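I opened this notebook to keep track of what I looked up, starting with helix packing and moving on to charged pairs. The entries follow the order in which I worked.

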Amino acid sequence: MSSTHNPGRVAGFWYLLLCILGPLRLIYIPTKLFVHGDAAATVNNIAAHEWLFRFGIVDDLCAAVVLTILVLAFYRLFRDVDQYLAMLVVIVGGVMPALLYFVNVVHDSGALMIARGADFLSVYDKPQRDALVMLLLRLHDAQNTAAEMLWGLWLLPLGVLVYRSRFLPRFLGVWLVVNGFAYVVLCLTGELFPQYSNQAFILSQPALFGELAFMLWLVIKGSKPHPQNAAALSSAVA
């Protein structure tokens with residue numbers, strides 16, 4: 001079936017692209033450049049691998065755009081199931097998280113500016129500049145922890161839409177809802193009990209595979225509304 005006539009597959013490909021972009025700044029760059037508890041080494045790594053760090057900034061910008069397109073693809077797929085819930089997916093899952101991506105780009109841009117040794121920062125000595133870089137990187141992480149609330153909340157209406165749709169397996173809808181609650185728990189754990197964040201992340205792994213399963217289903221199988229919904233969709237577009 002052509003992806004042109006399969007809005008589920010279109011959404012799946014955008015979802016796949018988001019999954020490819022996400023790990024660069026979230027996982028790969030911190031693993032390669034950041035040294036836990038050593039601000040000087042972290043700053044030296046950023047300065048020595050400036051282009052890799054810049055790619056992380058561009059990656060966040062691209063992820064924000066892709067996320068916005070993704071939720072619009074979901075709106076196209078699910079608006080005839082429940083337009084109100086589909087709008088919630090767009091706002092909570094697209095518009096709000098995309099704005100947070102741009103905020104985090106500012107944190108990284110500031111960290112890079114300091115690591116490169118801007119002239120107007122010469123009033124600070126090297127340890128102070130290193131500490132400022134670490135502060136901005138920590139703010140980036142703190143923003144990600146806060147964003148987990150949105151990462152979870154958008155999956156709740158999306159899961160309900162999948163469950164009600166009748167053109168996607170219901171178990172995926174249930175899994176997405178569980179995945180959403182898992183992200184909310186991770187956010188609250190990170191804010192209230194940060195010392196247990198790693199344990200909570202490990203325990204939540206089965207739930208967090210819900211998004212991956214949903215994305216793979218859309219990419220491989222695709223989906224489209226039932227004929228009556230598709231007719232309504234076509235008339236709305238016309």
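**Helix packing**

I began with helix 4 (residues 83-115) and helix 5 (residues 126-153), whose axes come within 9 Å and cross at roughly 170°. Angles over 145 degrees count as roughly antiparallel, so helix 4 is roughly antiparallel to helix 5. I note here that the model is a predicted one.

Next I listed who makes the contact. On the side of helix 4 I found V92, M96, P97, L100, V103, N104, H107, D108, G110, A111, I114 and A115. Helix 5 contributes R129, L132, V133, L136, L137, L139, H140, Q143, N144, A147, L150 and L153. Sorted by class, the contact of helix 4 with helix 5 has 16 nonpolar, 6 polar and 2 charged residues.

**The whole chain**

I then stepped back to the chain, which has 10 helices and 0 strands, and I wrote down the order of its elements from the N terminus as α-α-α-α-α-α-α-α-α-α. The C-alpha trace spans about 70 × 40 × 30 Å along its principal axes.

For burial I noted that 44% of the 238 residues in the chain are buried. The accessible surface of the chain comes to about 12400 Å², and carbon and sulfur atoms hold 69% of that surface. Among the contacts in the chain with a separation of 6 or more, 77% are between residues 24 or more positions apart.

**Salt bridges**

How many salt bridges does the structure hold? I counted 5 salt bridges in the structure, and I went through several of them in turn.

The pair of R25 and D108 came up with its closest N and O atoms 2.6 Å apart. R25 lies in helix 1 (residues 7-33) and D108 in helix 4, so this salt bridge ties together parts that are 83 residues apart in sequence. Are the two partners buried or exposed? R25 counts as buried at 2% relative accessibility, and D108 is buried as well, with a relative accessible area of 0%. I had already met D108 among the residues of helix 4 that make the contact with helix 5.

I turned next to R164 and D82, whose side chains meet in a salt bridge at 3.1 Å from N to O. Since R164 lies in helix 6 (residues 155-165) and D82 in the loop between helix 3 (50-78) and helix 4, the pair ties together parts that are 82 residues apart in sequence. With 45% relative accessibility R164 counts as partly exposed, and D82 also counts as partly exposed, at 21%; the cut-off for buried is under 20% relative accessible area.

The pair of K126 and D130 is a salt bridge inside one helix: the closest N and O atoms are 2.9 Å apart, and both residues lie in helix 5, 4 residues apart, about one turn of the helix. I checked the accessibility of each partner and found that K126 counts as partly exposed at 36%, whereas D130 is buried with a relative accessible area of 5%.

My last entry concerns a group rather than a pair, for E50, R54 and R116 are linked in a network of salt bridges.

Methods: Residues numbered from 1 in each chain as written. Predicted model: local features only at pLDDT ≥ 70, side-chain atom pairs only at ≥ 80, totals over all residues. Heavy atoms only, no water. Axes fitted to C-alpha atoms, helices over the stretch in contact; angles between N-to-C directions. Helix = DSSP H or I, 4+ residues; strand = E, 2+ residues; numbered from the N terminus. Parallel < 35°, antiparallel > 145°, perpendicular 65-115°, else oblique. Contact = heavy atoms within 4.5 Å. Nonpolar A, V, L, I, M, F, W, Y, C, P; charged D, E, K, R; others polar. Buried < 20%, exposed > 50% of the residue type's maximum accessible area, 1.4 Å probe, protein only. Areas by Shrake-Rupley, 256 points an atom, 1.4 Å probe, with all protein chains shown as cover. Salt bridge = Lys/Arg side-chain N within 4 Å of Asp/Glu carboxyl O.
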